[in-house]
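Please read the following explanation with the sequence and the coordinates at hand. It takes up a pair of helices, then a sheet, and then the backbone of two loops.

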Amino acid sequence: MNSASLDQQLIPALENGDRLSRAEFERRYNLMPDLKKAELIEGVVYVPSPLRYNRHGKPHGKIIAWLEVYAASTPGVEVADNATVRLDLDNEPQPDALLRLDEESGGRSRISEDDYVEGAPELIVEIAASSASYDLHDKLRAYRRNGVREYLVWLVQDRAFRWYILEQGEYRQQQADSLGMLSSPFFPGLQLDVQALLRGEMSRVLTVLQEGLGSPEHQDMWRNYRERRSSNR
């Protein structure tokens, strides 16, 4: 019997409610290749149930499409889907989506030698069933404490979308403007027609995003990026 097989017999599987160090969490997770998602939040293990199509899979796909279109038009910005994030010694979430600046563009997270995100991405999105989800409680506190600038939560059953902005160490829930839009104060041009998203009208969602991508603020971001790259050569 090889050492990996022996380890799998000796180390317990991850279970909901386990209280583990991050090192032990990673060790057990790595020995469970069939497990697609597990998170360590405030030292407690969460292993979600199988994901439903309408309650999670479909909304998740819409969020990824929205973020990918933004990143495709914004140099220095990257999207990740369900990537493990090493936030601190008690928190290793696996957010549904994240948007980050790369290190050369001044991003505060980095990609480790073993290919994990380390540190706080600039923006994180979670798909949750309702406001009772741990996404709006323990996980929110962990993201806030570690300096995630923007935290977006789609509450599918509640038909609601919350966009939190980090200000002076606390999250403030952003309110939609008179046109029903939410927008990022950190990523110029990243804007969202919330009601269109909740109705499933992705053509409208992407049209509004394209308008943001054509804004002077977004063009300035792109121009500043090119200038920084040129000066670093």
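In which sense, right-handed or left-handed, does α3 pass α6? In this predicted model, the crossing of α3 with α6 is right-handed. The axes of helix α3, residues 53-72, and helix α6, residues 202-213, come within 10 Å and cross at roughly 25 degrees. Because angles under 35 degrees count as roughly parallel, α3 is roughly parallel to α6. On the α3 side the contact involves Lys62, Ala65, Trp66, Val69 and Tyr70, which meet Met202, Val205, Leu206, Leu209, Gln210 and Leu213 of α6. Sorted by character, the residues of this contact comprise 9 nonpolar, 1 polar and 1 charged.

Turning to the sheet, 3 strands in the order β4-β7-β6 form an open arrangement with mixed pairing. Its edge strands are β4 (85-86) and β6 (110-111), each of which pairs on one side only. Strands of a sheet pair through backbone hydrogen bonds, either parallel or antiparallel. Here β6 and β7 (residues 117-118) run antiparallel and are joined by 2 bridges, with arginine 110 standing opposite glutamate 118 in β7.

The loop between β6 and β7 contains aspartate 115, a residue other than glycine whose phi is nonetheless positive, near 75 degrees. Most residues other than glycine have a negative phi. Aspartate 115 counts as exposed because its relative accessibility is 62%, where the cut-off is over 50%. Glutamate 42, in the loop between β1 (39-41) and β2 (44-46), likewise has a positive phi, of about 55 degrees, although it is not a glycine. With a relative accessible area of 26%, glutamate 42 is partly exposed.

Terms used: Residues numbered from 1 in each chain as written. Predicted model: local features only at pLDDT ≥ 70, side-chain atom pairs only at ≥ 80, totals over all residues. Heavy atoms only, no water. Axes fitted to C-alpha atoms, helices over the stretch in contact; angles between N-to-C directions. Helix = DSSP H or I, 4+ residues; strand = E, 2+ residues; numbered from the N terminus. Parallel < 35°, antiparallel > 145°, perpendicular 65-115°, else oblique. Left-handed = near helix turned anticlockwise from the far one by under 90°. Contact = heavy atoms within 4.5 Å. Nonpolar A, V, L, I, M, F, W, Y, C, P; charged D, E, K, R; others polar. Pairing = 2+ DSSP bridges. Buried < 20%, exposed > 50% of the residue type's maximum accessible area, 1.4 Å probe, protein only.
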